[in-house]
Structure formats: C-alpha cells, structure tokens
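Biologist: Could you take a close look at one chain of this model for me, chain by chain words kept simple? I'd like to hear about chain C, and then how the rest fits around it.

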Amino acid sequence: MPCPAARGAGGQTHAKESCMTDHSHPSSKAVATVATDRTFWGRLAAWGPYHTLMRLATASPRRQFLILAAFPVLWVLTQHLGPMLQMLRVSLLDAYPVAPGVEQHFTLDNYARFFGDSIFWMPFFRTLAFAAVFTFCTLIITYPVAYFLARHVSRKNQMLFLLLLLIPFWVGEIVRTYAIMILLGNTGAVNLVLKWVGLIDRPIPFMYTSFSMGVGIVYLTALYMLLPLYSALEKLPQSMNEAAADLGAGAWTRFWRVSLPLTIEGISSGCTLVFLISTGFYATPVLLGGPSTTVFAETIAGFFHVAGDEWPTGAAFATIMFMAALVITATFQKLMNALRKGESK
Amino acid sequence: MSKLIYNRRRFLGTAAATGAALASPFYLRRAAAQSGGEVNIWTYNDFVPAAFKEQFEAETGIKVNIRLVDDQGKQFNLLAAEQPIPTVDIMTVAGHRFLQFIDSDLLAPLDTDRLTNWGNINPTFSESDWSTINGNKWGAPILSGMEVLSYNTEVVSEEEAQTWDTLFSDKYSGQTAYIIQDMMSIIMLKMGYDGNMVEYMDDPDKAAQIVEEAKQFLIEKKPLVRKYYEGGAEFQQMMVNQDIVLGHSWNGPAAALINDGFPLAMSIPREGSYGFVYTYNIANNAPNADNAYTFLDAILASPEIGAAMTKASGFISTYKDASQYLSDLEKKSTSFPEEQLANLQFFRAEANEMKYGLVDPAVEAIKAA
Amino acid sequence: MNDRPELFRGNRIFLSCIYWAFVLYVFVPLILMILMGFKDSKFIGFPIRSWTLDWYKGVFDNTEVLSTFGYSIAIAVLSTLISVIVGTWIAVLLEGRKFLGRSVMFGMTVLPALVPGIISAIAFRIYARYLGIEPGMGAIVWAHAVHNVPFVVLVVMARLSTLPKSQIEAARDLGADPLVSFIRITLPYLVPAILGASIFCLLLSFDDFVRSFFLGGYEPTLPVLIFAKLRSGMSPEINAIATVALILTAAIGIWAERFTRRMNKES
C-alpha cells in the first residue's frame, strides 16, 4: 500500500513529502513541521493514530460496510420503527388507552371494520385520487417555473429568484389557508376584482369546492416539487438543447426528447415527496373542502378527536392508509427507474 | 412623521427586550418559579383572564402555567397518553364530555367543600342534572354555551330564524353551514325524539332507528349545505366572507361577531336546542392538587372574573350577577328571551356510549354520501 | 449564459410569463395576510372599513409572541441539524449500494413521512414516555428530527445518484481513504442537496403543529400559539403575528446567507 491517503487528500504537490512521512512513521511533531503548508485533511490523513484507525476500519469492504451501516440501522430501528410498532400494536388491541388493571386483548376487528363498511372506502380512494391529481397539477404548474429559473435566468440572479418564491412558504399552513379564504370567498379579493371590472354581478362561489381545495393544496406543495425539479434542471447542460436545435428539433421536441428524459429523476423525487405529503394533509382539506371532499385523514382524525376512545380503530385505519401509500410510492419509483434505464439505453 | 420615529424607537427597545427574552431559555425561567409552587392548567385561549392570573400569582406565590389547547379530543388524548403520571392539575372539559374522561379514570371527583366560593355559581349550572355523576361533582362550571341558529340580519328575517327548517329550505340553498355531529342531536330533537338518547338506553333498536332517520334526513338535505364545518373560527370566516347567511353555531363564536359590529343575530328555534357547560376539572393524580383547589376557589371569587371570561370568549358566564359588569352590546350578545330559553335543555352524558356508537358512523356516512 | 438568445426568445417570454404568474399566485394570499393585519376589527376579511396599527404594535408589546418565535426557531434549527446529519448518512448507505435488506432499510427510512400527523404525534408521545423523554423542547426536537429524516434522505439520494463515479474512483486511485474522499469529494457535491433539504426541514419543523402540541410542555411553539388563538376567531392579530414572524425569519435567513458567504470568502 504505497503512500495512501495523503496524496489524494493533500493534492499532487505534497505527494512526495506525504510518502516520506508515511514510510518513516514519524512522530506527530515531525508531521506538524513538515505539514505546515498542507491542508487540514492532508495533515489529518497523515496523522499516525488516524491512519491506523482508518486502516483498521477499512481493512475489508465488509468491515467498511458494517461501520457505515451500524448507525443508520440502529437509528432506523429504534427511532423510525419504534413508534410505528407501537402504533401497529395499538391497532391490534381491543381497547387503548386503558385504565391500569384493565386487561387488553389482541384482535383484528379494527381492520375488519374498514373492509366491512363501504362508507370508509370513499374517503380512502378519494384521498389517493386527490393526492395523485394534485401531485400532477403541482408538477404541471411548477415545471415551467423551475425550467425558467434554471435555464433562462442568469446564474447570478437564480438564487434571488428562487428565494423570492420561497418567502411565502415560511407562513404557517393555517394562516395561509385563511388567506386563501379571503382570496376566494364571496366577498373575497377575486370576486371583488371581477365585480369591479364588471365581469360579474353576483359573486362566484369558489370556496368549499374541489377547486378551492386544489388551490390551497398546490400552494402548500409547490415548494416540495419546485426544489427537486430545479436542482435536476440546473444540472442539464445547455449545449444539449442547442445541439438538438441545430439538428432541427422544434421547441416541443427538444423538451420532450431532451429536457424531460434527463430530469426524470427530479420529477420522480418531487412527485414522491408531494404525494406523500398530500396523503397526510388534514387542516387544508378540512378548511377549504366542501361537504363532499372528505379525505381519509379527516376520517382517521375523527377516531381520535370526536370519539376519543377509538384509538385502536384510528391506528388500524392509519396503518391501512400508510400501507397503501407505501405500495403506490414503491410502484411509482420502480416505474420511474425503469423509465430512466429505458432512456439511457 | 414624529409618530413613526417614536414607533421605531420603541420597536428598537422592544427588539432589545426580545433579544434578552430569547437569550434566557424557558427552562431557566421556569426554574425560577416562586416559592408557593405551581399549578398547571390546560385551557382555551382567554379562559383565564390575564389580570386575574397576575393578581393570583402575586397574592399566593403560586406560579400559574397555562397550556393552551384547542379542543376536547386533544386534551383527552394528551391526558390519556400521560396517565398515570399527568403533568396537568386543571383541565377544561365540557359537562357532557365528563363521562368519557371519568370512565378512563382521568378525572378526580371535585370536593366542593374545599371551595368556599362554590355558592357564587348560579345553581342552574352547579346543581344541574348533568353535573352529578356517580354521586360526585366533577367540575366547577365557568362558562355556558349552546347550539343556536345564527343568521345575517341583512338577509334573513327574525321570523325565519324561529325554526330549524329555514336551515334546510331551498331559499337559502348553498348559503348554510353546520357541524354535523351537533346537528344530529338537534335533528333528533326536532323530530320529537330525545337527542341525548337517555330515554332509549334500554332499547338500542329504537335508538338505532332514530339515528338512521336523522341520518337519512341530513343526507337528503346534503345538496343544500355549503359546508360541514368543525371550528368556530371557520363559521365566523364564512359569515364575514358572506359564503353563508345562516347556520348552526355555538353562541360564543356568534357573540364575538355580534360584538364586533357584524349584522348577526342568534335564536334558539322553537323545536328546541341543547346547551353545554365548560367546567374546570381536576386531573386524577394531579401533581399539585392543593394548589389546584386554591386556584379554583380564587377564580370563583368574584363575578367580575366571570364577566371577563365572557368578554373574551362570547360564552355566557355561570357566575351569579356577572352580567352587571358587561356592556349593553355584550349583554345583548349573551342573553336570550325567556320564551326561547324555555326551549333549551342541556346535553347529558349517560347514554353517550350508545349514542356516539351510532352517531359517529352516521356522520361518516353523511360525509361519504 | 446563453450564446444564442434568438433561438430561445419565444420560449423565454412564454416561460417568464408563467414564472411571474406563479409569483402572483404565491404572493397574493401573502399580501392579503399582511394587509389584514391592519384591519380595525376582530375578524379578517373584506370590506375593510377602518385601519389600525394596534395589532402590529401588540405583537411587539407582547414578549410572549416573540419568545415563542425564538423557541420555534431554536427547535427548527436543532432538529434540522440532527435530520441533516442522520439523513445524509442514511442516503450514503442506501444510494448505489446493493446489500441484503436494502429495500427493507429504505422502507423503514421513509416510514415517518408516511404516517398521518395525528397518529405519528400520539405514537411519538407514547414512545417518548417509553424511552423516558420528558415532554418539552427536547422531545419536540427529537420528534421533528425523526420525522424529517426521510425528506433529507430522498433529496440527498437524488443528488447522490448523479455523482460521477469516476471522481470517487480517481480519488481512491490516488489513495484517499473512504472518509477523506467522502469529505473532500462527495460532501461538496452534495452541498446544494443538503441546503435544499435543510430548507425543507426548517420549514416542516417551523410549521408543525400536531407533534409540537403533543410533545411540548407548557411553552407553546408558534403554530401551537396560533391554533389556540384561532379558537377565539381568526383575528388580524394572528395575521400580524404571522407577518412579523415572516419578516424576522427573512431577516435571519438573509443574515445567515451573508454570514456563510463571508465565511466562504475567508476560508
């Protein structure tokens, strides 16, 4: 193993000294004098104890992997799985929480309740459908915005333009949702403007429909789509588009055959994020939706809020929702991966 | 211009004070609690008047920690998750929700002998049928609410507001809103049944049939409603935005709109309606039970405190003579004609398990329909 | 940056229209919010008959609101630090490596993001008691950190998948050990993703109500305070609080950006 570490880290110019110090196993003091003009990492890499430690840690790929994996596995098991297992356990109990001394029994009744009663299916499938539709809408709306930012704004101004869009997202969900009510209500800003222009005499009832709900949800999710799309588009070399244009491709073809396939990975991670977040939305659908837009999160929350003593049913329903979201996300990711592979061939 | 400068200077001063506040973390400030110990309260915004809190802390040396909550369900969930070692001494539960808390062993019975000011509460509330369960009192009544029909007086006439039917009339199609859970009880009452379902405790089939009937009614009327809402703030916003012109609501949120000068009025329709009472309750295994009693006795001491709670919340005070401390508008927004009050009865909890076992699925079915 | 503007001019105009329309969409509600803070009434909404500065003054007179804001910021920053470190670590483990149980590991990693808020809050609350974590700031930071890890992992993995393998290989050929090559090559490449993920985490934490409520003690975070105030009506006071919070966060953000830029210049 000839002069490891230090060369790559310290840069070519220091390669010689690194090798020397490395071979002679000097005291740390000697290293310090030799390495004064070296970067921190170069010095660290050449420092005896660190070096030994690294060699021990990376002796075999297996050991290296174990060291890398130990902490994440521990974290995920204790922090991610722990609360979920707790929820799973609650979903299988006949009563929870119980007063001390009361016996609990395991049961599948809570799950049976969902499959046994069709009134719960409607909000369930509605939630999945809404989440999918709103994810798609968010994608359609934010893609051109991200494209504009990444491709048509000078690098100097990009950050500024992006930060401008981020500002509204620092206001809490509830306050923004009420602002949308002020925007879309019968005496809201939009109706006032339309009336003033003379387009309408009577206010248009925008509120408490799928439309108002969509406006509210896209407002909340746009950011989570925008950032992944921007970072994917930003990496796209301009030369590719130009080459395509030279070959006679029109704007649409260029987009369809060049930009889109190369940003699949950004689209995929953006859609996944937005889909996951929108299945869990509670406050916005409750506040902006109408009588016929109940989502599953409301149903679940109902078991915790109104009834109070139906945690197990709520937990069971949550488990069902979450399994469904997991399956859909996994399928979507597989599909996107396949697309990406297909394109790169 | 000079005003602006003054404001800016004050802003800078405040900013500096803020910096100091930010620099000393909460746990340090908490640790500096006074000698008299502390009392921990879960309650709604403005249910403990700030002036009273200050005075109480100064006089007794007991530090009052208030945790603001926004609904009953969350208090229940939180307390259930904390038992058997709760961090809370006093909670705020509505009378008809007691039973659920009592059944789960979350509340301690209230020893009214330890409250010298118990007599300051209007007996209508302190000695009512809902207030005694298993031979014990469970809470000190502070504010009273009711289910009312609220209407925009510029659109809906007083005459029309005397019946719940107006809420379901074609005339106001798409301009109404209500809370379904509460509406189920009212519809049962309107159909001539006992909305508390206490009468049918021995006859579950009859109960199921009644709930089914109410459910079918609300499903049939679903095309007419603009919104099934959940919180008072939503109702107020719909009124202000004129998305609705009448609706079922609690009197508190409606009174707040009236006091703000909005053209709104309330009625208890002739078919009747239900009332409920917010009470302060002592948690089972409360860490500072003695301080909790001291606090309760102090807050019941004067009708002026009751009036302050009414001013802040819009709900009606349970204290004797509290209304003499209210302005005329506040009096108007918190009182009803005698003949309307005669139609009012309180929610009762005895049959809740059966009732909500039937009503909750019905509500889901209405939403899904 | 574009040598041949004439080629893309049509696109450019079209896209910039969309961009500014989008800006309008996200800013109009914001402007309404700020405006309503000046309404002389206890309820927001049109028409505005008279105006007042009292709501905004009230925010500065009330130290509770400002200290609550500081509390929320502290929680957001601490939890984000934890999420970013843990999330990046997990992403490095998962991306581009094939090992037994990788998909299981991935599934478990995204778990917290999939659980509905109320459920996760209660699950965290029960689990916190099981672990002996007292409700309060520590518990909120912990819950936010755990909940936000999946978002970091997803964002960082997306960026990591585009890291040219050749760079790492070159470093290795030159003898860099894995840790040094990670810090010198992978990490700098990940910086944009990590910054983006941090923004997610800060936002998610700063805006979280339900976990903060269940895991908090007697000090409210900003959303908890707003929820409690909302119960007595959506008053202009809440809009004033939100506006002031927005301005303060923007100020902190700009300061942080300047600060990092200066640090970068110095080093």
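Modeller: Happy to! Reading chain C from the N terminus on, its elements run α-α-α-α-α-α-α-α-α-α-α. That comes to eleven helices and zero strands. Do keep in mind that this is a predicted model.

Let's start with the overall dimensions. Along its principal axes, the C-alpha trace of chain C spans about 70 × 65 × 35 Å. The chain has 267 residues, and buried residues make up 52% of them. Now take the contacts in chain C between residues at least 6 apart in sequence: 76% of these join residues at least 24 apart.

Next, zoom in on one element, helix H2 of chain C, which covers residues 54–61. Which of its residues are buried? They are C:Trp55, C:Tyr56 and C:Val59. These residues cover an arc of only 100 degrees around the axis, so they sit on the same side of H2(C). You can try finding that side in the structure in front of you.

Now let's turn to the partner of chain C. In the contact between chains C and A, 81 residues of chain C meet 85 residues of chain A. Several helices of chain C each supply at least two residues to this side, among them H1 (5–36), H3 (63–94), H8 (178–207) and H11 (236–266). Which helix gives the largest share of the side of chain C that touches chain A? That is H1(C), with 17 residues. Sorted by class, this side of chain C has 60 nonpolar, 15 polar and six charged residues.

What does chain A itself look like? Chain A has 18 helices and zero strands. Of its 345 residues, 44% are buried. Among contacts in chain A between residues at least 6 apart in sequence, 67% join residues at least 24 apart. For a single residue to look at, try A:Gly42, which is found in helix H4 (residues 40–46) of chain A. A:Gly42 counts as buried because it has 25 C-beta neighbours inside 10 Å. Its C-alpha atom and that of A:Asp201 are separated by 75 Å, and the two residues are 159 residues apart along the chain.

Chain A also touches chain B. Here the contact takes 30 residues from chain B and 28 residues from chain A. On the chain B side, helix H4 (72–82), strand S9 (227–228), helix H9 (232–240) and helix H15 (352–368) each supply at least two residues. H15(B) gives the largest share of that side, six residues. By class, the side of chain B that touches chain A has nine nonpolar, ten polar and eleven charged residues.

Finally, a look inside chain B. Its domain assignment gives domain 1 (2–37 + 51–139 + 280–302) and domain 2 (145–275 + 331–368). Seven residues from domain 1 and five residues from domain 2 take part in the contact between them. The domain 1 side of that contact has three nonpolar, three polar and one charged residues.

Chain B has strands to explore too. Strand S1 (residues 38–43) and strand S2 (residues 63–68) of chain B run parallel, joined by six bridges. Along this pair, B:Glu38 stands opposite B:Lys63 in S2(B). To get from S1(B) to S2(B), the chain crosses through helix H3 (residues 50–60) of chain B, and this β-α-β crossover is right-handed.

How values were computed:
Residues numbered from 1 in each chain as written. Chains lettered and ligands numbered in written order. Predicted model: local features only at pLDDT ≥ 70, side-chain atom pairs only at ≥ 80, totals over all residues. Buried ≥ 20, exposed ≤ 12 C-beta atoms within 10 Å, placed from the backbone. Helix = DSSP H or I, 4+ residues; strand = E, 2+ residues; numbered from the N terminus. Arc of directions from axis to C-beta. Domains from an automatic or database assignment. Contact = placed C-beta atoms within 7 Å. Nonpolar A, V, L, I, M, F, W, Y, C, P; charged D, E, K, R; others polar. Pairing = 2+ DSSP bridges. Right-handed = clockwise from strand over helix to strand, strands pointing away.
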